[in-house]
Amino acid sequence: MKRSLPWIYFGFAVLLLVAVVLYIQSAMSANQANFSQQRPPVQETALDVSVVEVNAAEHAAAIQAVGIANANQNLALTTQISGEVIELSPQFEVGQQVSKGQVLLRLKNIGAQSDLASAQNALANAELAFKEEQRQADQANAEWRAAGLTGDPASDLVLRAPQLAAARAELSAAKAALTLAQDNVKQLTLRAPFDAIIVSKDVALGAFLGSNTQVATLYSTDQVVVELQLSLLDWQKLPSANTMLQQHWSATVNSVNSAADWSGYVKQAGLHVDSESGLRSLFVAVDQPLQQSPALIPGSFVKVDLKGATQDNLWQLPNSALSQKSEIWYLDQDNRLANFDASPEFVDQEFVYIKAPEALRHSPQKVLVQPYNSYLKGMLVNPQQRGTP
């Protein structure tokens, strides 16, 4: 009996070991079966994004520039002949408006008056001498024909042709001298050459003035012109220069010191680019500036707004809609992200204007207001409408 106990223990141990092995195998099989069962799909989470709904439409760029409203004409009025100032018009004062042809001052020059009288006397004598010579030439021709002579005389002095030509030349010279003398006397009265503002008065009553002496500075009142310096990029936004000139392209001139504004138009386009600044001039005019309400005073600092050429099939988007990689992100029909590379046609303080892709032009599209670099194509999103721009 004692000798059989070890074998009994051994048998129990073997049975126990077999039971443990079978249990482990059963547990592993059950675990593997559970693991191999198909798991339910994980539900995709939509990302909240802010979008704006846009339609392709026509838009025009806005160009703004600053300048000075200068008078169309700026004249330093000078004397053409010397003389003593004997009369000043009451309207000849700084700040006054004068009309074209209005007398500003008068000069006295006895020599000019004497020259006029002498020229008138010389003209009368020249006319008399010409008439006498013409009568003598007619008589010489009549006598030549009456003598029955044929052909021309040996000398043209016989028919007094040179004498008549000399008398005619004397008459022409006398007429020219009279015209000059009359013009000199006329220049003793200085008149406004155009409707103007008197900016400076540089003469006093009783002063003796030499020729070519400045007496006043005049600014015309018919028009002010603002010269704008525009970059080539701004010029690309505008219609052609010929179109703007032919259509009197409208412009709004605004005061920088108040809310006043005036209607203007493009008057002239510069035909060269400054080699240093790379800018090209555009000139905007405002007619009858002093008759406006309020008046636009020459010399005022102003800013000018111009409308550019109209372009079609553009999206007007918030500036933030253009990503750092120059991409526009939008939603497809399944509310998944898509994008395309974009180069703005033009921008302003609030919006960027993008040429809509051909496939997206014919229906409203939802565009992301603020795209991030972490976004991927095909991501499911939950659009939060922000409204049209």
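## The big picture

Out of 389 residues in this protein chain, 33% count as buried. Keep in mind that you're looking at a predicted model. The chain has 5 helices and 21 strands. On the outside, it exposes about 24,000 Å², and carbon and sulfur atoms supply 51% of that.

How do distant parts of the sequence come together? Take the contacts between residues at least 6 apart in sequence: 76% of them join residues at least 24 apart.

## Two cores

In soluble globular proteins, nonpolar side chains tend to be buried together. Here, the largest nonpolar core has 33 residues, and those with the most contacts inside it are Phe92, Leu105, Leu107, Val203, Val215 and Leu218. Helices and strands both chip in: α2 (110–146), α3 (161–186), β6 (103–108), β8 (196–201) and β10 (214–220) each supply at least two residues of this core.

Let's zoom in on Phe92. If you skip its neighbours within four places in sequence, Phe92 is in contact with Leu104, Leu105, Ile198, Lys201, Val203, Val215 and Ala216. Apart from this core lies another one, made of 29 residues, including Ala61, Val302, Phe346 and Phe351.

## A nonpolar patch on the surface

Which residues make the nonpolar surface patch of about 330 Å²? They are Val66, Ile68, Val256 and Phe301.

One of them, Ile68, lies in strand β2, which covers residues 57–71. Is Ile68 buried, exposed or partly exposed? Its relative accessible area is 40%, so Ile68 counts as partly exposed: the cut-offs are under 20% for buried and over 50% for exposed.

Note on methods:
Residues numbered from 1 in each chain as written. Predicted model: local features only at pLDDT ≥ 70, side-chain atom pairs only at ≥ 80, totals over all residues. Heavy atoms only, no water. Core = buried A, V, L, I, M, F, W, Y, C linked by side-chain atoms within 4.5 Å. Buried < 20%, exposed > 50% of the residue type's maximum accessible area, 1.4 Å probe, protein only. Helix = DSSP H or I, 4+ residues; strand = E, 2+ residues; numbered from the N terminus. Contact = heavy atoms within 4.5 Å. Areas by Shrake-Rupley, 256 points an atom, 1.4 Å probe, with all protein chains shown as cover. Patch = residues over 30% accessible without salt bridge, like charges linked within 9 Å, V, L, I, M, F, W, Y side chains within 5 Å. Salt bridge = Lys/Arg side-chain N within 4 Å of Asp/Glu carboxyl O.
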